[in-house]
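Here is a protein to wander through at an easy pace. Have a look at the sequence and the model, and then we'll go through them piece by piece.

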Amino acid sequence: MAAATLIAATFGILVAIFCGKVLYTIWWWPKMIEKKLKEEEKIFVVWAGPTPRVTVTDPKLIREVLNRYNEFHKPEANAFINMFVTGLASYDGEKWDTHRKILNPAFHVEKLKRMFPAFCACCDEMINRWEELVNKTAGSCELDVAEELLNVGGDVISRAAFGSNIEEGRSIFLLQKEQCELILASPFTLFFPSLRFLPTASNRKARYIHKKVISLIRGIIEKREDAVRRGVCDNDDILGLLLKARNEENIKSKARGGRGLSTDDVIEECKEFYLAGQDTTTALLSWTMVVLSMHPEWQDRARNEVFRVIGKNKPKFDDLNQLKLMNMILQEVLRLYPALILIRSTSKSTKLGDMTIPAGVQLCVPIYLVHRDPQVWGDEALMFNPERFSEGVSKASKEQLYFPFGWGPRMCIGMNFGMLEAKLVLSQILQRFWFELSPSYTHAPQLTLVMKPQYGAQIILHKL
Ligand code: HEM
């Protein structure tokens, strides 16, 4: 009897604590923060989950937030998301610094050149499949290119990351995709990460996938290390470069008494590249196809450039650097449809302009708003006009606020990787097809993790 009373009392206390936390989180804390922040047009609270989030839209304040990266740093990753993926993008301070230094060389142009055949193999597969489809349907067919391009994006990362283990790479990609869907379908757990411990079906599934991905990558690493020992592997993919960097860096750091990179760190980074690299590049390519369908004159100009530089041949690495007009088009697409928003956070009360931002507030820098701001881009800010990049990025806007790949030291490590993939895929598409929007396409950019066409990108492909 006494035991039952004790259990009931404990349960009651836990429920009361949980309800208190919910009230505090969704009602009291955001109210308090809103009172503390001055009511100004430049800054407003967009949503308040476990942490209040404030949006900064004034160009001067944005520049301050991004330049003062030691005061406005990356927020601590959500514990629920952290359970599945950590890595460079979520680290801060010394750990970020060490990892960034180790990972930087894996994305240098020379290394990308060596990965280029892997990019081409994935692209060829997609283009050949599209050609077969178009041939079967009298020279034209409708496709949701967002879905198609996501698969090619996953394939490119799989091959570039785990080149010689493409099938295992693909299973990891599919599991990670399922994991993302589970995370997005659990908004409550995102707001209250403690719910991840409940034994619900989706939590159990998420844990199962998590373990499976880790064991697959660990298996690939073991096989790779064995192949390298036997000298039967060229080791030029991201995994090979990471393992090499891990070994070299660990020798150096041990000599300095520091901490290098562990195998678990390598696993986390590989997992993260899938998430960071695949959706972003897919979004860029999908929006480019949508926008070039809306502006056929630019589609023609881009195709003419591809034929002039590459002809009907397979693009080579150096050819892609000569596609100036295509570069301008991609830059303009990234201006109007940047993949991400940037989130920063304060760990102590911090001055921003004439405001004081309390500790623990997240600041959201909505790249898409800045990229469409007439103050920065002039009266024609909303128009698609790649010409504005004809004299380079620095002359494209009055305020020089163009940052689709982020800002300063935290700028995207995979920028060249993503642009290379986009140019390769786009030039091959332009060489074989012309395309237009399907009547079933609805223009609805939606920003969840990445800005995507909400209902897909239905395009009609025609054989050239
Ligand atoms: C068009 C494609 C891409 C876009 C638009 C893009 C955009 C961005 C942006 C805006 C950031 C900065 C985030 C912040 O400061 O909070 C970022 C960081 C990052 N991106 Fe990308 N990205 C792209 C492709 C890729 C690819 C292909 C990879 C890897 C293969 C990648 C890996 C990363 C990583 C690891 C970071 C974190 C860097 C750090 O914090 O030091 N990205 N990306």
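Does Ala138 count as buried or exposed? Keep in mind as you look that this is a predicted model. Ala138 has 8 C-beta neighbours inside 10 Å, and a residue with 12 or fewer is called exposed, so Ala138 counts as exposed. You'll find Ala138 in the loop between α5 (109–136) and β4 (140–144). Its backbone is worth a glance too: Ala138 has a positive phi of about 55 degrees, although it is not a glycine.

Gln400 makes a nice companion. Here too phi is positive, near 50 degrees, in a residue other than glycine. Gln400 sits in the loop between α16 (374–377) and α17. With 13 other C-beta atoms within 10 Å, Gln400 is partly exposed.

Now step back for the overall picture. The protein has 17 helices and 12 strands. Of its 464 residues, 35% are buried. If you take the contacts between residues at least 6 apart in sequence, 71% of them join residues at least 24 apart.

Let's pick out one helix, α4, which covers residues 93–103. Its buried residues are His99, Ile102 and Leu103. They span an arc of only 90 degrees around the axis, so they lie on the same side of α4. Turn to the other side of α4 and you meet Gly93, Glu94, Asp97 and Lys101, which are exposed.

Strands can have two faces as well. In a regular strand, side chains alternate between the two faces of the sheet. Strand β5 (residues 342–346) shows a covered face with Leu342, Arg344 and Thr346, while Ile343 and Ser345 make up the uncovered one. β5 has partners, too. Strand β3 (residues 72–73) runs antiparallel to β5 and is joined to it by 2 bridges, with Phe72 opposite Thr346. Strand β8 (residues 362–365) also pairs with β5 in the antiparallel sense, over 4 bridges, and there Arg344 stands opposite Leu363.

Last stop: the ligand. There are 22 residues around it, and those that come nearest are Gly277, Gly406, Cys412, Gly414 and Gly418. Two or more residues of this shell come from each of α11 (263–294) and α17 (415–432). The largest share, 7 residues, is from α11. Sorted by character, the shell holds 13 nonpolar, 6 polar and 3 charged residues.

Key. Residues numbered from 1 in each chain as written. Predicted model: local features only at pLDDT ≥ 70, side-chain atom pairs only at ≥ 80, totals over all residues. Near = placed C-beta within 6 Å. Nonpolar A, V, L, I, M, F, W, Y, C, P; charged D, E, K, R; others polar. Buried ≥ 20, exposed ≤ 12 C-beta atoms within 10 Å, placed from the backbone. Contact = placed C-beta atoms within 7 Å. Arc of directions from axis to C-beta. Pairing = 2+ DSSP bridges.
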